[in-house]
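Dear colleague,

I am handing over a structure that you have not worked with before, and I would be glad if you could look it over alongside the notes in this message. Please open it first and then read on.

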Amino acid sequence: MDWLDALILGLVQGLAEYLPISSSGHLEIFREILGIDIPKDDILQFDIMVHAATVCSTIVVLWPMFYALCKSFFTFKRDDNFWYVCKILISCIPIGIVGVCFKDYVEQFFGDGLTVVGVCLLVTACLLAFAHFSDRIGGRMISPSKGRDITWLDAFVIGCAQALAVLPGLSRSGTTIATGILIGDKREKVASFSFLMVIIPILGEALLDTKDMLTAPAGSQGGIDWSVLLIGFAVAFVVGCAACKWMLQLVKKGKLVWFSIYCVLMGIICLLWQ
């Protein structure tokens, strides 16, 4: 993998992490297009770095909310922000279980062609379509303010959706946002919750991966140069900031159904590619 590959994949990650089209699936697609053939460990190393970049984008875009949440939680204010963070922690339980118990099994799906990606993109399309039509009464879009605030049970259910979305092609943002809408949460609330809930697992994985790279014996590090990783990180971060703002507006306006159509087309292409 060279710097141009990293630039393209960083651009793809920055867009696809927030748009409900699966960033992991599109990284697989573009690796196929670019003819990138590297070991799975290197694939996962790069993917973790660019995912960490888009998490940083989330923190920047949602900084006022993020700062208020951290301030309340770490000072034990026991206000709405404190309990909101607790709900985020609840939502991280399912993906934590997957990461600890099924990490090796999940990693087998990465770098093995586009069949799984194609199937999961079609599943993503179905979820987005269901959420779109459930969000309408008599053909008229329900107001973004309608629905309930995220409950403890809702947080756990959305967390289960996030855990399922570790598969390449199953959009994390699309799956979690669609799940929140389907169970009756406010669209304007579930989008922010979806973007914030990924911060802990992604940054945790990125820190562990960085520690492993820094402490690895000489000559045993992965085959991706640090400069290439940094290019991917920087591009994903910059593009992610713009995409995050755009996606927040799209969710409020109820425009996710168009991405359902896109996911159907890309899913079919991936299945025919084999």
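Below I describe the chain as a whole, then its salt bridges, then one residue and one pair of helices in turn.

Please keep in mind throughout that this is a predicted model, and that what I report here was computed from it. The chain has 274 residues, of which 50% are buried, and its secondary structure comes to 13 helices and two strands. When one takes the contacts between residues at least 6 apart in sequence, 82% of them join residues that are at least 24 apart.

On the salt bridges, of which the structure holds six, I would begin with the one in which the side chains of arginine 172 and glutamate 17 meet, with 3.6 Å from N to O. Arginine 172 belongs to helix H9 (residues 172–182), while glutamate 17 sits in the loop between helix H1 (3–16) and helix H2 (23–34), so this pair ties together parts of the chain that lie 155 residues apart in sequence. Are the two partners buried or exposed? Arginine 172 has a relative accessible area of 12% and is therefore buried, the cut-off being under 20%, and glutamate 17, at 8% relative accessibility, counts as buried too.

A second salt bridge joins glutamate 28 to arginine 31, and here the closest N and O atoms are 3.1 Å apart. Both of these residues lie in helix H2, three residues apart, which is about one turn of the helix, and both are buried. The pair also belongs to a wider arrangement, in that Glu28, Arg31 and Asp47 are linked in a network of salt bridges.

In another of the salt bridges the side chains of aspartate 154 and arginine 148 meet, at 2.8 Å from N to O. The accessibility of these partners may be worth a look on your screen: aspartate 154 counts as buried at 4% relative accessibility, whereas arginine 148, with a relative accessible area of 35%, is partly exposed.

Returning to arginine 172 in helix H9, I would ask which residues it touches once those up to four places away in sequence are left out. The residues in question are Glu17, Gln162, Ala165, Ser194, Phe195, Met197 and Val198. In addition, the C-alpha atom of arginine 172 is separated by 8.5 Å from that of tyrosine 18, although the two residues are 154 residues apart along the chain.

The last item is the pairing of helix H10 (residues 187–197) with helix H12 (residues 226–253), whose axes come within 8 Å and cross at roughly 150°. Because angles over 145 degrees count as roughly antiparallel, H10 is roughly antiparallel to H12, and H10 passes H12 in a right-handed crossing. On the H10 side the contact is made by Arg187, Glu188, Ala191, Ser192 and Phe195, and on the H12 side by Cys244, Met247, Leu248, Val251, Lys252 and Lys253. Sorted by class, the residues of this contact are six nonpolar, one polar and four charged. You will notice that Phe195, which takes part in the contact between H10 and H12, is also one of the residues that arginine 172 touches.

With best regards

Methods:
Residues are numbered from 1 along each chain as its sequence is written. This is a predicted model: local features need pLDDT of at least 70, side-chain atom pairs count only at pLDDT 80 or more; totals for chains, interfaces and linings use all residues. Side-chain values use heavy atoms; hydrogens and water are left out. Axes are lines fitted to C-alpha atoms, for helices over the stretch in contact, and angles run from 0 to 180 degrees between N-to-C directions. Helices (H or I, at least four residues) and strands (E, at least two) are DSSP runs, numbered from the N terminus. Angles under 35 degrees count as roughly parallel, over 145 as roughly antiparallel, 65 to 115 as roughly perpendicular and the rest as oblique. A crossing is left-handed if the near helix is turned anticlockwise from the far one by less than a right angle, and right-handed if clockwise. Contact means heavy atoms within 4.5 Å. Ala, Val, Leu, Ile, Met, Phe, Trp, Tyr, Cys and Pro count as nonpolar, Asp, Glu, Lys and Arg as charged, and the others, Gly among them, as polar. A salt bridge is a side-chain nitrogen of Lys or Arg within 4 Å of a carboxyl oxygen of Asp or Glu. Buried means under 20% relative accessible area, exposed over 50%, partly exposed in between (1.4 Å probe, protein chains only).
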